[in-house]
Amino acid sequence: MNKNARPLIVALGEVLWDIFPTGRHLGGAPANFAVHCAELGARSVLVSGVGHDDLGRQAVSALSEHGVDTRWVQVEERHPTGTVPVTLVDGQPSYEIVEGVAWDHILWQEDFEALAKTANAICFGSLAQRSPQSRETIQRFVDATTQQCLRVLDVNFRQHYHSSAVFLQSLALANVVKLNEDEVALLRLYVGGSMDRDVFLHELRARFNLDWVILTLGALGCCVFGENGVVSVPGTSQDVVNTVGAGDAFTAAFVCHYLKGEAVAMGAQYANALGGYVTTQESGTPHLPNDFCIWSNDANT
């Protein structure tokens with residue numbers, strides 16, 4: 001693709017409201033990712049579902065305010081918009097994810113085929129695949145993309161909403177995997193492999209023919225495991241307010257800088273910086289300073 005053109009990036013999965021003691025914020029890893037991609041200047045699309053209710057209308061409005069294309073956010077008549085009560089301890093979140101909500105019922109649309117084939121990158125996770133309906137739609141969408149599309153699996157263990165079968169299916173569809181250090185052990189239980197962390201991640205990359213496995217390490221930065229070895233990029237300490245959304249910001253920045261043509265190490269550096277910035281904000285989807293923007297809205301498309 002033309003590196004100066006705004007890429008088309010599609011996020012697949014949950015959009016919801018995180019309910020904090022101090023109020024509610026737009027959330028859901030795919031929705032966060034979509035918002036950050038839009039804030040960075042990409043053409044960002046979210047495929048998801050909201051209820052036919054006030055929270056759903058407010059979610060669509062909030063996404064649109066950030067520049068996310070919401071044409072493929074379905075309105076579910078029978079199920080409400082997702083909500084997640086969040087408890088913070090020393091800035092670290094714990095979640096109580098409500099079941100039977102709109103994003104559990106994402107239906108396949110015929111126009112998804114064309115959208116998938118024109119996407120430069122997509123991001124999908126495990127949580128939205130907890131229901132058979134959304135899982136079928138998400139996996140069909142990923143399978144419809146081109147060989148050139150960057151297909152990012154965001155490992156996201158939440159409560160009991162994960163299984164070996166879903167991860168094996170998802171890994172077979174992805175060409176990039178992003179996870180944090182806490183998620184390594186559980187993923188190993190599902191797919192097997194060495195007890196040595198780095199050996200396991202190298203094995204994972206080779207076994208599933210992945211371009212990269214990206215391990216985020218919080219303030220310590222990240223490691224990117226590729227065919228030619230490991231690229232380690234240090235992070236910086238932050239005055240952490242809230243870590244919600246920081247990993248999604250990291251993923252968005254890495255994807256966008258890759259599509260811009262940056263080297264992996266440079267993309268990881270920018271990703272660390274954006275993820276770190278988000279930890280200093282109350283919301284996981286803040287408007288970003290202009291310094292982070294990669295493409296302007298009038299860039300070639």
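Select glycine 41 to begin: in this predicted model, Gly41 comes just after helix α1 and takes a positive phi of about 110°. From there, step back along the chain and select residues 29-39, which form α1. Is this helix mostly covered or mostly uncovered? It is mostly covered, since the buried count is 11 of its 11 residues. Colour them by residue type, and the buried set includes Ala31, Phe33 and Val35, but also Asn32, His36 and Glu39.

Now show the whole chain as a cartoon, where 9 helices and 13 strands can be traced. Along the principal axes, the C-alpha trace spans about 50 × 45 × 45 Å. The radius of gyration is 18 Å, which agrees with the value near 19 Å that a compact globule of 301 residues would have. Of those 301 residues, 56% are buried, and among contacts between residues at least 6 apart in sequence, 69% join residues at least 24 apart.

Switch to a surface representation for a moment. The chain exposes about 12,800 Å², of which carbon and sulfur atoms supply 49%. If you colour the charged side chains, you will find 19 positive and 33 negative ones, with the centres of the two sets lying 6 Å apart.

Next, hide the surface and go to the interior. In soluble globular proteins, nonpolar side chains tend to be buried together. Here the largest nonpolar core has 52 residues, and those with the most contacts inside it are Val10, Leu12, Val47, Phe141, Leu179 and Leu204. Apart from this core lies another, of 46 residues, among them Val15, Ala31, Val35 and Ala121. Two of these names, Ala31 and Val35, were also among the buried residues of α1.

Which residues does valine 10 contact, leaving aside its neighbours within four places in sequence? Select Val10 and display its surroundings: the partners are Val45, Val47, Leu115, Ala119, Ala121, Ile122, Cys123 and Phe141.

Leucine 204, also listed among the residues with the most contacts in the largest core, is the next selection. Leu204 lies in helix α7, residues 197-207, and counts as buried because its relative accessibility is 3%, where the cut-off for buried is under 20%. Beyond its neighbours within four places in sequence, Leu204 is in contact with Leu171, Leu187, Val191, Leu210 and Val213. For one of these partners, Leu171, a distance can be drawn: the two residues are 33 apart in sequence and 9.1 Å apart in space, C-alpha to C-alpha.

Follow the chain out of α7 into the loop that leads to β11 (212-216), and select asparagine 209 there. Most residues other than glycine have a negative phi. Asparagine 209, although not a glycine, has a positive phi of about 55°. With a relative accessible area of 64%, Asn209 is exposed, whereas Leu204 is buried.

End at arginine 158, in the loop between β9 (150-154) and α5 (164-173). Is Arg158 buried, partly exposed or exposed? At 21% relative accessibility, Arg158 counts as partly exposed, given that partly exposed lies between the cut-offs of 20% and 50%. Not counting residues up to four places away in sequence, Arg158 touches Tyr95, Ile97 and Leu127. Add Tyr95 to the selection, and a C-alpha to C-alpha line will show a separation of 7.7 Å between residues that are 63 apart along the chain.

Definitions and conventions
Residues numbered from 1 in each chain as written. Predicted model: local features only at pLDDT ≥ 70, side-chain atom pairs only at ≥ 80, totals over all residues. Heavy atoms only, no water. Helix = DSSP H or I, 4+ residues; strand = E, 2+ residues; numbered from the N terminus. Rg over C-alpha atoms; globule rule 2.2 N^0.38 Å. Buried < 20%, exposed > 50% of the residue type's maximum accessible area, 1.4 Å probe, protein only. Contact = heavy atoms within 4.5 Å. Areas by Shrake-Rupley, 256 points an atom, 1.4 Å probe, with all protein chains shown as cover. Lys, Arg positive; Asp, Glu negative; His and termini not counted. Charge placed at Lys NZ, Arg CZ, Asp CG, Glu CD. Core = buried A, V, L, I, M, F, W, Y, C linked by side-chain atoms within 4.5 Å.
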